[in-house]
Amino acid sequence: MDVKTAFLNGYIEEVYVRQPPGFKSAKFLDRVYKLRKALYCLKQAPRAWYARLKSFLLKSGFVMAKYTKDILTKYDMGDSKPMTTPMSTNTALDADEDGEAVDQKEFRGMIGSLLYLMTSPRTSHRQTVKHIFRYLMFTLELGLWYSSGSSLSLRGFSDADHADCRIDCKSTSGTCQFLGTSLVSWSSRKQASICLSTTEAEYIATASCCSHLLCMKATLSDFSLSFGRIPLLLDSTSAISMPRTPSCTLEINT
């Protein structure tokens, strides 16, 4: 269950507030506003969410995937065929300057729903976004499972796709971190510099993952959790060998 914006979208009791400066109605200066959604720091918000959560546990009436369903309906994809993957492995997007232009307002709205931004969208870009939306159809009832019986051991995984961007030839780092069997953090991000080899791209991704693991280790130490050697797994033999080379050092900001 995603509770990142729970208070902003929660149910509350009847709460009224004075008209704020700049939003006062000249015709109804003696009236107040009735809140339709909860506000941060509102005392009623935690109590209302507790009651709502209790009702969910008893009646199973809470719609987990409401936001996903809302954006699928908004862009007329509520009845589309589900996809089992978010993107085809053969997809390689570029500027596509010869492609047919699409409605930028609609496209930016779709991308904004996915927290991403692209300029000068073309038909190929919109088709890729629609593929992602169809993947959302497939994952409506899926989620991450965090077991209470899982061990509290840290480990990380890293990988890189060398020069996969057809626009600037930059590589993409992919990392994820586990606490026991629970996936707690992940990232897929274009690297800042152009790598001349697969080894270099893999090494940069590994450094990023290692840095994140050290930050997690420091944070968990505040809860009296200590760790010895933390395994970091990758599939590049050459990148694994680089730290063992005397002339090679790995710099990490902690």
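In the predicted model, alanine 163 is placed in the loop between E3 and E4. The phi angle of alanine 163 is near 50°, a positive value in a residue other than glycine. With a relative accessible area of 31%, alanine 163 is partly exposed, because partly exposed residues fall between the limits of 20% and 50%. The loop between E3 and E4 also holds cysteine 169. Cysteine 169, again a residue other than glycine, has a positive phi, near 60°. Its relative accessibility of 42% places cysteine 169 in the partly exposed class.

The strands on either side of this loop belong to an open sheet of 4 strands, in which the order is E5-E4-E3-E6 and the pairing is mixed. Strand E5 (182–190) and E6 are the edge strands, each pairing on one side only. Strands of a sheet pair through backbone hydrogen bonds, in either the parallel or the antiparallel sense. E3 runs antiparallel to strand E4 (residues 172–179), and 8 bridges join the two. Within this pairing, serine 173 of E4 is the bridge partner of alanine 160. With strand E6 (residues 232–233), E3 pairs in the parallel sense over 2 bridges. Here leucine 232 in E6 is the bridge partner of glycine 156.

E4 and E5 are likewise antiparallel and are joined by 8 bridges. Glutamine 177 has serine 185, in E5, as its bridge partner. The two strands E4 and E5 form a hairpin with 2 residues between them. Glycine 180, in the turn of this hairpin, has a positive phi of about 70°.

The side chains of a regular strand alternate between the two faces of the sheet. In E3, Leu154, Gly156, Ser158 and Ala160 make up a covered face. The uncovered face of E3 consists of Arg155, Phe157, Asp159 and Asp161.

Residues of both faces of E3 recur in the surroundings of glutamate 202, a residue of helix H5 (residues 198–221). Glutamate 202 is in contact with Asp159, Ala160, Asp235, Ser236 and Ala239, when its neighbours within four places in sequence are left aside. The relative accessibility of glutamate 202 is 4%, and this residue is therefore classed as buried, the limit being under 20%.

Leucine 179 is located in strand E4. This leucine has a relative accessible area of 18% and is buried. Beyond residues up to four places away in sequence, leucine 179 touches Ser150, Ser151, Leu152, Ser153, Leu154, Val184 and Leu220. Serine 150 and leucine 179 are 29 residues apart along the chain, and their C-alpha atoms are separated by 8.2 Å.

The largest nonpolar core comprises 12 residues: Ile71, Leu72, Tyr75, Met77, Val102, Phe107, Met110, Ile111, Val129, Phe133, Leu136 and Met137. At least two residues of this core come from each of helix H2 (66–74), helix H3 (104–113) and H4. The greatest contribution to this core is that of H4, which gives 4 residues. A second, separate core has 7 residues, among them Leu154, Leu179, Cys209 and Phe227. Methionine 77, a member of the largest core, touches Leu72, Lys130, Phe133, Arg134 and Met137, not counting residues up to four places away in sequence.

At the surface, Leu144, Tyr146, Val184 and Trp186 make a nonpolar patch of about 420 Å². Tyrosine 146 is part of the loop between helix H4 (123–138) and strand E3 (154–161). With a relative accessibility of 42%, tyrosine 146 counts as partly exposed. Val184, another residue of the patch, is also among the residues touched by leucine 179.

Conventions. Residues are numbered from 1 along each chain as its sequence is written. This is a predicted model: local features need pLDDT of at least 70, side-chain atom pairs count only at pLDDT 80 or more; totals for chains, interfaces and linings use all residues. Side-chain values use heavy atoms; hydrogens and water are left out. Patches are made of residues with over 30% relative accessible area and no salt bridge: like charges are joined within 9 Å, nonpolar side chains (Val, Leu, Ile, Met, Phe, Trp, Tyr) within 5 Å. Accessible areas come from the Shrake-Rupley method with a 1.4 Å probe; for residues, only the protein chains shown count as cover. A salt bridge is a side-chain nitrogen of Lys or Arg within 4 Å of a carboxyl oxygen of Asp or Glu. Buried means under 20% relative accessible area, exposed over 50%, partly exposed in between (1.4 Å probe, protein chains only). Two strands pair if DSSP finds at least two bridges between them. A nonpolar core is a set of buried Ala, Val, Leu, Ile, Met, Phe, Trp, Tyr and Cys residues joined through side-chain atoms within 4.5 Å. Contact means heavy atoms within 4.5 Å.
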